Structures are given as structure tokens and as C-alpha cells.
Amino acid sequence: MTKNPIIQIRPRNGKPALPLSEISFQDRLAESGLRLRAAKVEILQVNVGKLCNQACKHCHVDASPTRTEIISRETIDHCLDALRKHKIPTLDITGGAPELVPDFRYLVSEGRNAGARAMVRHNLTVMFEEGNEDLPEFFAANDVEVISSLPYFQARQTDAQRGNGVFEKSIEALRRLNSVGYGTDGSGLVLDLVYNPVGAYLPPEQKSIEADFKRELAARHNVVFNNLYTITNMPIARYLDWLRSSKNEDAYMQKLINAFNPATVEGLMCRNTLSVEWRGNLFDCDFNQMLEIGVAKNVGQKIEQFEPSQFEGRQIMTNSHCFGCTAGAGSSCGGTVS
Ligand code: SF4
Ligand code: SF4
């Protein structure tokens, strides 16, 4: 799509405004005296594929029930080798719906045996797919941290983003997770929720919306959870399609650019996370993975080539979508960053 040349960001420090299409993330970092370099890899985030039982409107993976890309046992074994050999503290499993991958449980249990903390980005409704009824018990037995998207504490907004009937199923799944101890005091079983805006705006303040979710989910549905993370919608994939079709793309990008916050850069998830794709290719984050922007060319490109000393300090590959991570309080897989 051709950018609207009239749109400009507001003047900064007395400098003239630039057309939106000429705003570079790297320039904005440099203006703030910052360079984006990786720290030590502490999280191996494995995207096990694009197959999902849902097809949400905002999905940055373009996942759906018709996708066939899923990770092989061989690639899983390469990930497990990296966890064991380099003692990477955290295994973060995402998708698609990871639970639909045949070797999902193998990855979780062997990841735990390798000594890693395991996190699963679980969409809740997959619990009602055949063979997944015992997921709460499986998660609990492996001490998995469960992170689940719930766009809102009301059905209308949730179903608008994730599909008809998703809210009701999600609440039932949360109750099942609560029934084995997830999110309840003293159990040690962590259940976190993720909120992302339904429209073309930035998320509200994380603590305040967390309080709203806690109050309303407890009162209306007797559901409890630990933390709520707010995540900014990234202008890529299905969400970008929606921005374009609703003629919101330039206004949304302008919002992200104007909200650039240098204080978020140190905590960006690409600094301590390495993202692995279903075929074993390496990326600085899941968003770069979807855009097929691989890691810097001077480091290994596949998980079996991962060497920590090579990756620490590497240049992070960026583009305009990165403004989604640095807007306002910042955004990462673990919520705000500043
Ligand atoms: S957002 Fe999550 S649950 Fe929805 S289609 Fe994408 S991967 Fe599936
Ligand atoms: S999109 Fe990825 S590479 Fe860009 S700032 Fe965010 S986490 Fe880092």
C-alpha cells in the first residue's frame, strides 16, 4: 500500500517533521543515543507452528485450523539439546495452538527434565479439542506457567476478536485451570492473562486494567488468575490487514511512533529471548519470525548452530513494526517493559 505522504509526525526538538514513510526505528534509537544489542539468551521461545483451532482477527501468526506447518520431532530435539547444553533457564512455547502439535507434551516434559522453567501460551479453547481434556492436569504435573489471551471480561469484545462462543469456552477453561490450583493462592501454579486492544489504540495502564479484570472475573464468573499483561497489537499479518481495510494504518503507525519511549529499549524482549521457528530457523522475536526477518547474518541461522557467545551482543534486526514494542509503557510477551 502507498503511504499517505501528507501524514507527518509531530516536530521533535525543533527539527522539522518527517513523512511517516521516512521514520526509521534505527534513527529514532540513534536520536536517543541508543543501540539495540542482545544480552544473554535467557528465554528460548519456540513457535511450534501455525495450526490453531481458532482464527482470531488480530493474530500476528496468521494461524488457523487450515494451516499445516508444525514442528518435527527432530527440530524439537535440537531445541532440547540447546536447552540442556547451554542451560537456558526458560522454555516459552507458542504457536498456533501448541497443544495441537503431536510432540507438544514431549517438548514440555523433556524441557522440564532439562531443568528449564516451562511457559505455554495456551488459548484456553483448545482444551475442548479431542485428547486435550486433561490439559489442566498435564500442565499442573509439569509445573507449566500458563499464559492465556482474554481480550476482555465480557463476551461481546472477546468474541468480536476471537470468534463466536470463544468467551464462554474460555471461562469454562479458566474454571478448570482454577480447579487444579492454577491462579489460586498458595498453589504455586501460575495463570496469567493477556489483554490486547480490540481496536486501533494503545493498551490502557496495565495495573489498572488488571484490577478491573480481577474484580469482574471473580464477581461474574468466580474465576481467579495471577497477573494480567497488556500487549500492543503489532502492525503485521492479520492485524495489519485489518488496519488497512479499516483505513487505520497510517493513524495507528503515527500513534506508535509518537509514543516512542526510549526507556523501554533496555527491557525489550528481543534482548534476552531467542525465537525458534517450526523449521528450526532463528529470529530475534516472534514478530520478526512472522516477517521472515532472520537473525543477523554473522551468527548461526538454525537452532542446532546456536552458540551463546556468538549471540550475546549481536545486532537485533529491526523495522517499523518495532515501534509497537517501544510505544508508551512498552510491550513484550510479558506485558509492559518500563
Ligand atoms: S491469536 Fe492465538 S488463538 Fe488466535 S488464531 Fe492466533 S494463535 Fe490461534
Ligand atoms: S519487534 Fe522484535 S525486534 Fe523489534 S523491538 Fe520488538 S521484540 Fe525487538
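**Questions on a predicted model**

Visitor: In which helix is Arg176 found?
Guide: The model discussed here is predicted. Arg176 is found within residues 166-179, and this segment is helix 6.

Visitor: Is Arg176 buried, exposed or partly exposed?
Guide: Within 10 Å of Arg176 there are 18 other C-beta atoms. A buried residue needs 20 or more such atoms, and an exposed one has 12 or fewer. Arg176 therefore counts as partly exposed.

Visitor: With which residues is Arg176 in contact, leaving aside its neighbours within four places in sequence?
Guide: Arg176 and Val223 are 47 residues apart in sequence, and their C-alpha atoms are 9.6 Å apart. Contact is judged on C-beta atoms, with a limit of 7 Å. Once the neighbours within four places are set aside, the contacts of Arg176 are Met127 and Pro136.

Visitor: In what order do the 8 strands form the open sheet?
Guide: The secondary structure of the protein comprises 12 helices and 8 strands. The 8 strands form an open sheet with mixed pairing, in the order 6-5-4-3-2-1-7-8.

Visitor: Which strands stand at the edges of the sheet?
Guide: An edge strand here has a single partner strand, so one side of it is left without a neighbour in the sheet. This applies to residues 228-230 and to residues 282-283, that is, to strand 6 and strand 8.

Visitor: Over how many bridges do strand 2 and strand 3 pair?
Guide: Strand 2, residues 90-94, pairs in the parallel sense with strand 1, residues 43-47, over 5 bridges; in that pairing Leu44 stands opposite Leu91. Towards strand 3, Thr90 stands opposite Arg117. The pairing of strand 2 with strand 3 is also parallel, and the number of bridges is 4.

Visitor: How many of the 5 residues of strand 3 are buried?
Guide: Helix 3, residues 104-113, lies across strand 2 and strand 3 and runs at about 155° to strand 3. Strand 3 is mostly covered, and its buried residues number 4.

Visitor: Which residues does the cis peptide bond with omega of about 25° join?
Guide: One partner lies in the loop between strand 2 and helix 3, namely Gly96. Both partners belong to the surroundings of ligand 1, along with others including Cys52, Cys56 and Cys59. The cis bond joins Gly95 and Gly96.

Visitor: How many charged residues does the shell around ligand 2 have?
Guide: The surroundings of ligand 2 include Cys270, Asp284, Cys285, His321, Cys322 and Cys325. By class, 8 residues of this shell are nonpolar and 3 are polar. The charged class holds 1.

Visitor: Is Glu292 buried or exposed?
Guide: Glu292 lies in the loop between helix 10 and helix 11 and has a positive phi of about 60° although it is not a glycine. Its C-beta neighbours inside 10 Å number 9. As 12 or fewer is the limit for exposure, Glu292 counts as exposed.

Visitor: What radius of gyration does the protein have?
Guide: The C-alpha trace spans about 60 × 45 × 40 Å along its principal axes, and buried residues make up 44% of the 338 residues. For a compact globule with 338 residues, a radius of gyration near 20 Å would be expected. The protein agrees with this, its value being 20 Å.

Note on methods: Residues numbered from 1 in each chain as written. Chains lettered and ligands numbered in written order. Predicted model: local features only at pLDDT ≥ 70, side-chain atom pairs only at ≥ 80, totals over all residues. Near = placed C-beta within 6 Å. Pairing = 2+ DSSP bridges. Helix = DSSP H or I, 4+ residues; strand = E, 2+ residues; numbered from the N terminus. Contact = placed C-beta atoms within 7 Å. Axes fitted to C-alpha atoms, helices over the stretch in contact; angles between N-to-C directions. Rg over C-alpha atoms; globule rule 2.2 N^0.38 Å. Nonpolar A, V, L, I, M, F, W, Y, C, P; charged D, E, K, R; others polar.
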